[in-house]
Amino acid sequence: MKKVTKAVIPAAGLGTRVMPSSYIYSGFILETPLNLKPAAELTYGNKVYRFYTAGIPYALAERYCKELGGNLVKIESEEKNNVIAQKVKELNKTFYIGASDEKAEGKFVWRDGSAVTYTNWSQNEPNNTADCGGENYVQMYANGKWNDYTGQSVDVGFIGEFDKTPTAT
């Protein structure tokens with residue numbers, strides 16, 4: 001039996017939006033089987049990074065990683081950004097990373113609540129401009145630069161960060 005993540009999106013005005021507004025007005029349940037296969041994986045330090053190209057909204061990507069025992073990736077240095085960016089470049093896709101300013105506009109934090117101290121913003125970013133509302137979630141472009149973006153896009157993959165499983169000896 002497959003374990004299933006369910007995101008209940010209530011009718012307008014009854015809860016937090018995590019999908020494009022066109023989906024909000026009727027309310028629905030979105031089920032995502034927890035058997036997504038990463039397009040790539042790399043080990044760096046004591047962590048394993050899994051690159052999922054399946055496009056799901058930011059909130060579901062975060063929940064998916066947590067249910068597997070990890071989080072969306074936390075990038076705290078130029079060196080780590082470069083390692084992650086190399087794989088992103090190879091995959092030639094945009095990916096969500098674990099930073100957002102959803103609680104306080106312009107104050108980016110990682111999913112664990114710690115402040116973002118290293119950044120690699122694209123020119124003129126972050127800018128919080130979107131036709132469909134604010135841009136509260138950070139994505140990494142194929143060139144390794146960051147952009148603030150809406151959390152609703154299903155065209156963006158996500159990067160999960162997990163503890164490295166010890167090798168049996």
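**Figure 1. The whole chain and its surface.** The chain exposes about 9,300 Å², and 48% of that comes from carbon and sulfur atoms. This is a predicted model. Of the 169 residues in the chain, 40% are buried. The secondary structure amounts to three helices and ten strands, and reading from the N terminus the order is β-α-β-β-β-α-β-α-β-β-β-β-β. Take the contacts between residues at least 6 apart in sequence: 66% of them join residues at least 24 apart.

**Figure 2. The main nonpolar core, with Phe51 in the middle of the story.** The largest nonpolar core counts 21 residues, and those with the most contacts inside it are Phe51, Ile75, Ile84, Ile97, Met140, Trp146 and Ile159. Several elements chip in: β3 (40-44), β4 (47-52), α3, β6 and β8 each give at least two residues to this core. A second core of 13 residues lies apart from it, with Tyr52, Leu60, Ala61 and Tyr64 among its members. As background, nonpolar side chains tend to be buried together in soluble globular proteins. Which residues does phenylalanine 51 touch, leaving aside those up to four places away in sequence? The list is Pro38, Ala39, Ala40, Glu41, Leu42, Ile84, Lys87, Val88, Leu91, Phe95, Phe158 and Ile159.

**Figure 3. Strand β8 and its two partners.** Start with β8 itself, residues 137-140: Tyr137 and Gln139 point one way, Val138 and Met140 point the other way, and all are buried. Strand β6 (residues 95-100) runs antiparallel to β8 and is joined to it by three bridges. Here serine 100 sits opposite tyrosine 137 of β8. Strand β9 (residues 146-149) also pairs with β8 in the antiparallel sense, this time over four bridges. In that pairing, methionine 140 faces tryptophan 146 of β9. Met140 and Trp146 are also both listed among the residues with the most contacts inside the largest nonpolar core. β8 and β9 make a hairpin with five residues between them, and glycine 144 in the turn takes a positive phi of about 90°.

**Figure 4. Helix α2, its buried residues and a salt bridge.** Helix α2 covers residues 58-67, and its buried residues are Tyr58, Leu60, Ala61, Glu62, Tyr64 and Cys65. Leu60, Ala61 and Tyr64 turn up in the 13-residue core as well. Glutamate 67 and arginine 63 form a salt bridge, with their closest N and O atoms 3.2 Å apart. Why about one helical turn between glutamate 67 and arginine 63? Because they are four residues apart in helix α2. The general geometry is simple: an α-helix has 3.6 residues a turn, so residues three or four places apart point the same way. Both partners are partly exposed, glutamate 67 at 29% relative accessibility and arginine 63 at 35%. Just past α2, glycine 69 has a positive phi of about 90°.

**Figure 5. Salt bridges elsewhere in the chain.** How many salt bridges does the structure hold? The count is ten. As a rule, side chains of opposite charge can pair when their charged atoms come close. In one of these pairs, glutamate 41 meets arginine 50, and the closest N and O atoms are 3.0 Å apart. Glutamate 41 is partly exposed, at 46% relative accessible area, and arginine 50 is partly exposed too, at 23%. Glutamate 41 is also on the list of residues touched by phenylalanine 51.

The side chains of aspartate 112 and lysine 74 form another salt bridge, at 2.6 Å from N to O. That pair ties together distant parts of the chain, 38 residues apart: aspartate 112 is in the loop between β7 (109-110) and β8, while lysine 74 is in the loop between β5 (71-72) and α3 (78-91). Are the two partners buried or exposed? Aspartate 112 counts as exposed, at 53% relative accessibility, whereas lysine 74 is buried, at 16%. Separately, Glu62, Lys66, Glu102 and Arg111 are joined into one network by salt bridges that share partners.

**Figure 6. Asparagine 92, in the loop between α3 and β6.** Asparagine 92 lies in the loop that links α3 to β6. Asparagine 92 is exposed, and its relative accessible area is 63%. What separates the C-alpha atoms of asparagine 92 and tyrosine 141 in space? The distance is 8.3 Å, with the two residues 49 apart along the chain.

Key. Residues numbered from 1 in each chain as written. Predicted model: local features only at pLDDT ≥ 70, side-chain atom pairs only at ≥ 80, totals over all residues. Heavy atoms only, no water. Buried < 20%, exposed > 50% of the residue type's maximum accessible area, 1.4 Å probe, protein only. Contact = heavy atoms within 4.5 Å. Areas by Shrake-Rupley, 256 points an atom, 1.4 Å probe, with all protein chains shown as cover. Pairing = 2+ DSSP bridges. Salt bridge = Lys/Arg side-chain N within 4 Å of Asp/Glu carboxyl O. Core = buried A, V, L, I, M, F, W, Y, C linked by side-chain atoms within 4.5 Å.
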